[in-house]
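Reader: Hi! I am new to reading protein structures, and I would love a close look at one part of this one. Could you walk me through how the aromatic rings sit in it and what lies around them?

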Amino acid sequence: MSGVSSSSSAAASATASPMGTSASSIADMFSSATHRHEILSRRRARERRASANVDDGIDAPEATEATEVAPEVEDVVVEALDGKARGVRAFEEMCDEVIGTGAVAANATWQRAITKLQRDGRFKTALATHNERRGAFEGWKAKARDGLKKRSGSGGGDGGGEEGARKKTKYEREQAALRAREIEATRAREQAEYVAKKRKAETLEAEAERAFEALCAEKVKTYARSYDEAWTRDLQYDALGRNNVDALRGGELRARELFEAHRERVEKTLKSEFSKLCARVLDRLIVSAIDAGVGENKGTVDSIFAGALSYAKASEEEYELIDEAVFNLVPDADRASMWTSCASNILARHDIIVDTQEE
């Protein structure tokens, strides 16, 4: 009896405002195909009962206001639901034409599809509201996915084995190609991130090395100190942070390598400059001694020409040797040996053989 009461309620509403209820408002009350089915079922049941009463000779009950209005209301509801169904079908047909079918429809998204659908005149005429259009789109997409699943599972259906297999193979190829592109894109992105990270690390390491080398060049002017001595005396504290050996690839080991390379460069430069200084001073002393004929022109460097070429004299204040900055940067042992070697070479050009043995 619930169906009769529902019809009575609807009839009462229609009587209160004689058919004033619009088709859209009634369709909102019965907005699904289930309501339509129930209405038709009640109508058929009522017709069967009326026919049975006539056959049995039973007078039909007097028609009430509710029974007189309910069929008209039901007709309006059925018409409204049929109109909405036609609108949904028209919207789905538009989606098929504008967007596509099959895998394209199954993978479509509302955000992308709406930009295309809005250009079609049927977009607003088929369905009235945004929610109806969105719901119809999702239903159309779900149907496309179900169709793909059925074709994938049945191989194209009865009687279409070859065609179904061909479509299935094409779909599988499309999906495989899509997965391959996604994998390739992921691999390319990961490779780009790895290369960028590696380049950044290499750049930071190169900057750290240049900073440490600049610190060594600024603080360590002689090659006589070891790394440990130079670290304690010159490199341990730096306001600019250039002594951060942890930023180097290899840490302290790399710092020792850089310091040793710096020490070798300094040694080469200082010895070259000191040799030039010795040659300049010795040229003047030897020429003066030969012209003056002082002492014998044979013996050791310290004894020849009455000791005029002695390193001990050259390192005294009256000579220009100690006035040069390079003199104090070269260790004393190296200064003496380089002085003697340079003197021997210059004297040899004057045909004077120097005895290298100590007297």
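Author: Happy to help; here is a walk through the aromatic pairs, then the helices and charges around them. Please keep in mind that this is a predicted model.

Let us begin with the setting. The protein has 15 helices and zero strands. Of its 359 residues, 30% count as buried. Among contacts between residues at least 6 apart in sequence, 70% join residues at least 24 apart.

Now to the rings. The count of aromatic pairs comes to six. One of them joins Phe137 and Trp140, whose ring centres are 5.5 Å apart with 45° between the planes, making the pair tilted. Both residues belong to helix 8, which covers residues 130-154, and they are three residues apart, about one turn of the helix. Are these two rings buried or exposed? Phe137 has a relative accessible area of 0% and Trp140 has 5%. The cut-off for buried is under 20%, so Phe137 counts as buried and so does Trp140. This pair also has company: ring pairs link Trp110, Phe137 and Trp140 into a cluster.

Another pair is formed by Tyr227 and Phe259, and this one is edge-to-face, with 5.7 Å from centre to centre and 75° between the planes. Which parts of the chain does it bring together? Tyr227 lies in helix 10 (residues 227-235) and Phe259 in helix 11 (residues 252-292), so the pair ties together parts that are 32 residues apart in sequence. Tyr227 is buried, at a relative accessible area of 7%, and Phe259 is buried too, at 1%.

Let us step back to the two helices that hold this pair. Two packed helices are described by the angle between their axes and the distance between the axes. For helix 10 and helix 11, the axes come within 11 Å and cross at roughly 90°. An angle from 65 to 115 degrees counts as roughly perpendicular, so that is how helix 10 lies relative to helix 11. On the helix 10 side, the residues that meet the partner are Tyr227, Asp228, Ala230 and Leu235; on the helix 11 side they are Glu252, Ala255, Arg256 and Phe259. Sorted by type, the residues of this contact are five nonpolar, no polar and three charged.

Rings can also have a charge over them. Arg133 lies over the face of Phe123, 4.8 Å from the ring centre. The charged end of Arg335 sits over the ring of Phe327, at 4.1 Å from its centre. Arg335 is in helix 15, residues 332-349. Is Arg335 buried or exposed? Its relative accessible area is 10%, so Arg335 is buried. Leaving out residues up to four places away in sequence, Arg335 touches Phe274, Tyr311, Phe327, Asn328 and Val330.

Finally, let us return to helix 8 for one more residue. Leu148 lies in that helix and counts as buried, at 12% relative accessibility. Beyond its neighbours within four places in sequence, Leu148 is in contact with Gly102, Ala103, Ala106 and Tyr171. The C-alpha atoms of Leu148 and Lys168, which are 20 residues apart along the chain, are separated by 8.8 Å.

Notes: Residues are numbered from 1 along each chain as its sequence is written. This is a predicted model: local features need pLDDT of at least 70, side-chain atom pairs count only at pLDDT 80 or more; totals for chains, interfaces and linings use all residues. Side-chain values use heavy atoms; hydrogens and water are left out. Rings of Phe, Tyr and Trp (its six-membered ring) pair if their centres lie within 6.5 Å; planes under 30 degrees apart count as stacked, over 60 as edge-to-face and the rest as tilted. Helices (H or I, at least four residues) and strands (E, at least two) are DSSP runs, numbered from the N terminus. Buried means under 20% relative accessible area, exposed over 50%, partly exposed in between (1.4 Å probe, protein chains only). A charge sits over a ring if NZ of Lys or CZ of Arg is within 6 Å of the ring centre and within 35 degrees of the ring normal. Axes are lines fitted to C-alpha atoms, for helices over the stretch in contact, and angles run from 0 to 180 degrees between N-to-C directions. Angles under 35 degrees count as roughly parallel, over 145 as roughly antiparallel, 65 to 115 as roughly perpendicular and the rest as oblique. Contact means heavy atoms within 4.5 Å. Ala, Val, Leu, Ile, Met, Phe, Trp, Tyr, Cys and Pro count as nonpolar, Asp, Glu, Lys and Arg as charged, and the others, Gly among them, as polar.
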